[in-house]
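Visitor: Could you walk me through this model, and tell me how the words you use earn their place?

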Amino acid sequence: MDKINGIIENKYTAFSDFKNFDGQEVTICGYIHRIREMTGFSFVIIRTSRDTIQCVYAPEFSDYRWDEKLCEEACVEVTGKVVSSKDAKGNDRYEIQIHNVNILSLPAEMLPIVINKKGLDGVQLNTILDLRPISMRNPKERAIFKLQEGIARGFREYLSKNGFTEIRSPKINFAGAEGGTNVFKLDYFGKQVYLAQSPQLYKQALVGVYERVFEIAPVFRAEHHDTSRHLNEYISMDFEMGFINSFTDIMNMETGALKYIMNLLKTEYAEEVALLHADIPEITEIPCIKFMDAKELLMTKFKYKPSDMKDFDPEEEQLLGKYAKKEFNSDFIFVTHYPSKKRPFYTMDDPNDPEYTLSFDLLFRGLEITSGGQRIHDYNMQVEKMVKCGMNPEEFATYLMLHKYGAPPHGGLGLGLERLTMHLLGAKNVREATMFPRDINRVTP
Ligand code: AMO
């Protein structure tokens, strides 16, 4: 007997393979997602890791008789015959005529929410988050994080193909890398340490070893405000590359990675994309605008009065997103040359105008999803900038080993996984694209 769903010779079999089993008896494992009693027969929908499979129970199919203990969310092993049926939804219009149901476990209680509809419409976000271990069993909810897997996988695959080495940097650190007030302090056996705000200091160090490195890992930000785009722990997709000619090399690498990711989603995650109505952008070339030109544009074209000439507020980002769409038919826009005062100590100033930096942000549909740029690689220049930023270079002696003992021109970026997912889904809150969000009000589940 073949065992499908699950495992055939240690290989996951998607149900596009169903036709290969036409007329055969198979066994599948999964949850009873829904039972619909009809006259003389019942539909039993089995939820497996990525599919829902229509099975049909009727006394005439075998000697097996339905066990009244069976209920939704029971874990079962169903044996039956694969038949084509014009009524079957999905799975190439195949269904399984049940010959036997082996109960593997029964739930102790009924679920507190209905998860067996397509989505969780009408359930409040806070309830969805409170009940994450079970709300994610809903097909649409689980599709969000399958899609997110695709994004991270695409990032990893593209960079691996381009000569990057995957690294794992420590998350308990001697200093915060990004400055600002949003660093988590931690008592470490009587010594003050910090949770990593980014892998910045380590990915730079490792450029001195592997030339091109990347990391996909959690980072921590003590965000004091409850906003729809900030988390206190998020997944940062970082890369750093050495021997660059310009910070535009970084932007080109990111453009390539994004194209690869979007293509992967369209091909290997097509079912999730369709279920979620995810709007996968077409990327050809990403337009680019200098920070001060963008400010000018906002003031003249959009008659917007900026509150801060050194950074953008969310409304300005949204206006720039609209501008990119209208003028260039692009969902993305790079903004380059941010003011030096607003960028971290490791950022290279523009030699032509040191008030500004060789840095950029990438906006996706009006939301910042990436920061990046060229770094200072000269030792004296880095020490000088640290002092200018009010830092004590001695405390950063291990970081400065890169510069002291020779560093190539280099740069990199950090891309927020949840923010990218959020805007692919058209979600309003980044928590919708976060499996187990942490924010000022939430550390559970
Ligand atoms: P930055 O601090 O701008 O840059 O962060 C990079 C990207 O991370 C995401 N992000 C967040 N996502 C959710 N919640 C938050 N609180 C949050 N903060 C940031 C955003 C943002 O664009 N070391 C640099 C990157 C580099 O230059 O390599 C850094 O971390 O998508």
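Guide: Gladly! The cover over the buried residues of α4 includes β13, β14, α10 (397-404) and β21, where contact means heavy atoms within 4.5 Å. This is a predicted model, in which local features need pLDDT of at least 70 and side-chain atom pairs count only at pLDDT 80 or more, while totals for chains, interfaces and linings use all residues. Residues are numbered from 1 along each chain as its sequence is written, and side-chain values use heavy atoms, with hydrogens and water left out.

Visitor: Which residues in α4 are buried?

Guide: They are Gln-200, Leu-201, Lys-203, Gln-204 and Val-207. Names such as α4 and β13 stand for DSSP runs, numbered from the N terminus: helices (H or I, at least four residues) and strands (E, at least two). Just after α4, Glu-211 takes a positive phi of about 70°.

Visitor: Why is Thr-347 called buried?

Guide: Buried means under 20% relative accessible area, exposed over 50%, and partly exposed in between (1.4 Å probe, protein chains only). Thr-347 has 3% relative accessibility, so this residue counts as buried. Thr-347 sits in the loop between β16 (332-336) and β17 (349-350). Beyond its neighbours within four places in sequence, Thr-347 is in contact with Thr-357, Ser-359, Gln-374, Ile-376 and Lys-385.

Visitor: And why is His-225 called exposed?

Guide: Its relative accessibility is 61%, and therefore His-225 counts as exposed. His-225 is in the loop between β13 (212-220) and β14 (233-242). His-225 and Asn-441 are 216 residues apart in sequence, yet 9.6 Å apart in space, C-alpha to C-alpha.

Visitor: Which residues are closest to the ligand?

Guide: Glu-178, Lys-203, Glu-368, Ser-371 and Arg-375 are the closest of the 22 residues that surround the ligand. A residue joins this shell if one of its heavy atoms lies within 4 Å. β20 gives the most to the shell, with five residues.

Visitor: What makes the approach of Lys-203 to the ligand a polar contact?

Guide: A polar side-chain atom of Lys-203 lies 2.7 Å from an oxygen atom of the ligand. A polar contact is a pair of N or O atoms within 3.5 Å (within protein, one must be able to donate a hydrogen and the other to accept it, and residues adjacent in sequence count only if both atoms are side-chain atoms), so the Lys-203 pair qualifies. Tyr-346 places a polar side-chain atom 3.1 Å from a nitrogen atom of the ligand. From Gly-414, a backbone N or O atom lies 3.4 Å from an oxygen atom of the ligand. Taken alone, the ligand exposes 620 Å², and the protein buries 93% of that; such areas come from the Shrake-Rupley method with a 1.4 Å probe, and for residues only the protein chains shown count as cover.

Visitor: How do you know that β11 and β12 pair?

Guide: Two strands pair if DSSP finds at least two bridges between them. β11 (residues 185-188) and β12 (residues 191-195) have four bridges, in the antiparallel sense, so they meet that rule. One bridge joins Asp-187 to Gln-192 in β12. The two strands form a hairpin with two residues between them, and Phe-189 in the turn has a positive phi of about 50°.

Visitor: What makes β9 and β15 edge strands?

Guide: The open sheet of eight strands has the order β9-β13-β14-β21-β20-β19-β16-β15, with mixed pairing. β9 (165-166) and β15 (288-290) each pair on one side only. Within this sheet, β19 (residues 359-364) and β20 run antiparallel, joined by six bridges, and Phe-360 stands opposite Gly-372 in β20.
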